[in-house]
Amino acid sequence: MGRLIGRPVLRLGSRYAVRRRRALTEAAHPAAGDVLTFLVRGGPLRTALRELVAAVEPPVVLLGHSLGGIIALDTLIEAPLSGVRLLVTVGSQGPFLYETGALPHLEHPEPLPAHVPGWLNIHDRRDLLGFAAAPVFPGRAEDIATDNRQPFPGAHSAYWSDPAVYRAIAERLP
């Protein structure tokens, strides 16, 4: 019965997507393009983050949302950042990129380097771009699952209107 219903539904879905391919690609392009560009040419961003951290007095907390979380995580993996005491990622794809072998400085299944500081990762189950880190990096990442009560794609930006996000971060500040 499932196959009988499944094939026509897949055909309809495929036809819908093919007819709207340009609109779907244009909707996904800005975010996906930024991530892909970082994965290929992220050196200047990692350098800029290192310079910024070097210019401030410790302790430093790196807080990154979405691509910002990927940049912070990858920069910390590449080499130690003196003074950074906590990494906070929000709605980040870092764990997903690691699992798929696409994180530039850490090949799956290598463990997270010991120099990476404590890591708080906040995600919402409705945010299809936010991934849990604790199952991927057991004992190295702490996940907080929040409920922003927003459907996707709004859930990806709704973290900043959720008081629980601010409480979780404030409780862990050095």
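Okay, let's start at histidine 65. Leaving out residues up to four places away in sequence, this histidine touches Val90, His156, Tyr159 and Trp160. Keep in mind that what we're looking at is a predicted model. Histidine 65 sits in strand E1, residues 60–65, and with a relative accessibility of 26% histidine 65 counts as partly exposed. Take one of those partners, valine 90: along the chain, histidine 65 and valine 90 are 25 residues apart, yet their C-alpha atoms are separated by 4.6 Å.

That brings me to the chain as a whole. We have 6 helices and 4 strands, and reading from the N terminus the order goes α-α-α-β-α-β-α-β-β-α. The chain has 174 residues, and 37% of them count as buried. If you take contacts between residues at least 6 apart in sequence, 67% of those join residues at least 24 apart.

Now step one residue on from the histidine, to serine 66. Serine 66 is in the loop between E1 and H4. It's not a glycine, but serine 66 has a positive phi, about 55°. Is serine 66 buried or exposed? At 14% relative accessibility, serine 66 is buried.

On to helix H4, then. Of the 12 residues in H4, 10 are buried, so this helix is mostly covered. Among the buried ones are Leu67, Gly69, Ile70, Ile71 and Ala72. How about the length of H4? With 12 residues at 1.5 Å a residue, H4 should span 16 Å, and the C-alpha atoms at its ends are indeed 16 Å apart.

What does H4 pack against? For two packed helices, you want the angle between the axes and the distance between the axes. Here the axes of H3, residues 43–54, and H4, residues 67–78, come within 10 Å and cross at roughly 80°. That makes H3 and H4 roughly perpendicular to each other. On the H3 side you have Leu45, Arg46, Leu49 and Arg50, and they meet Ile71, Ala72, Asp74, Thr75 and Glu78 in H4. Sort the residues of that contact by class and you get 4 nonpolar, 1 polar and 4 charged.

Next, the aromatics. Searching the whole structure turns up 4 aromatic pairs. One of them is tryptophan 119 with phenylalanine 137, a tilted pair at 5.3 Å centre to centre with 50° between the planes. Tryptophan 119 lies in strand E3, residues 118–124, while phenylalanine 137 is in the loop between E3 and strand E4, residues 141–146, so the pair ties together parts that are 18 residues apart in sequence. Tryptophan 119 is buried at 3% relative accessibility, and phenylalanine 137 is buried too, with a relative accessible area of 3%. Add Tyr98 and you have a cluster: ring pairs link Tyr98, Trp119 and Phe137.

Last stop, some backbone details. Which residues does a cis peptide bond join? Histidine 108 and proline 109, with omega about 10°. Proline 109 is in the loop between helix H5, residues 94–99, and E3. There's also a cis peptide bond between phenylalanine 152 and proline 153, again with omega about 10°. Proline 153 is in the loop between E4 and helix H6, residues 163–172.

And arginine 149 is in the loop between E4 and H6. Arginine 149 is not a glycine, but has a positive phi of about 55°. As for the surface, arginine 149 counts as exposed, at 63% relative accessibility, whereas serine 66 counts as buried. Thanks, that's my tour.

Methods. Residues numbered from 1 in each chain as written. Predicted model: local features only at pLDDT ≥ 70, side-chain atom pairs only at ≥ 80, totals over all residues. Heavy atoms only, no water. Phe/Tyr/Trp six-rings, centres within 6.5 Å; stacked < 30°, edge-to-face > 60°. Helix = DSSP H or I, 4+ residues; strand = E, 2+ residues; numbered from the N terminus. Buried < 20%, exposed > 50% of the residue type's maximum accessible area, 1.4 Å probe, protein only. Axes fitted to C-alpha atoms, helices over the stretch in contact; angles between N-to-C directions. Parallel < 35°, antiparallel > 145°, perpendicular 65-115°, else oblique. Contact = heavy atoms within 4.5 Å. Nonpolar A, V, L, I, M, F, W, Y, C, P; charged D, E, K, R; others polar. Expected span 1.5 Å × (residues − 1).
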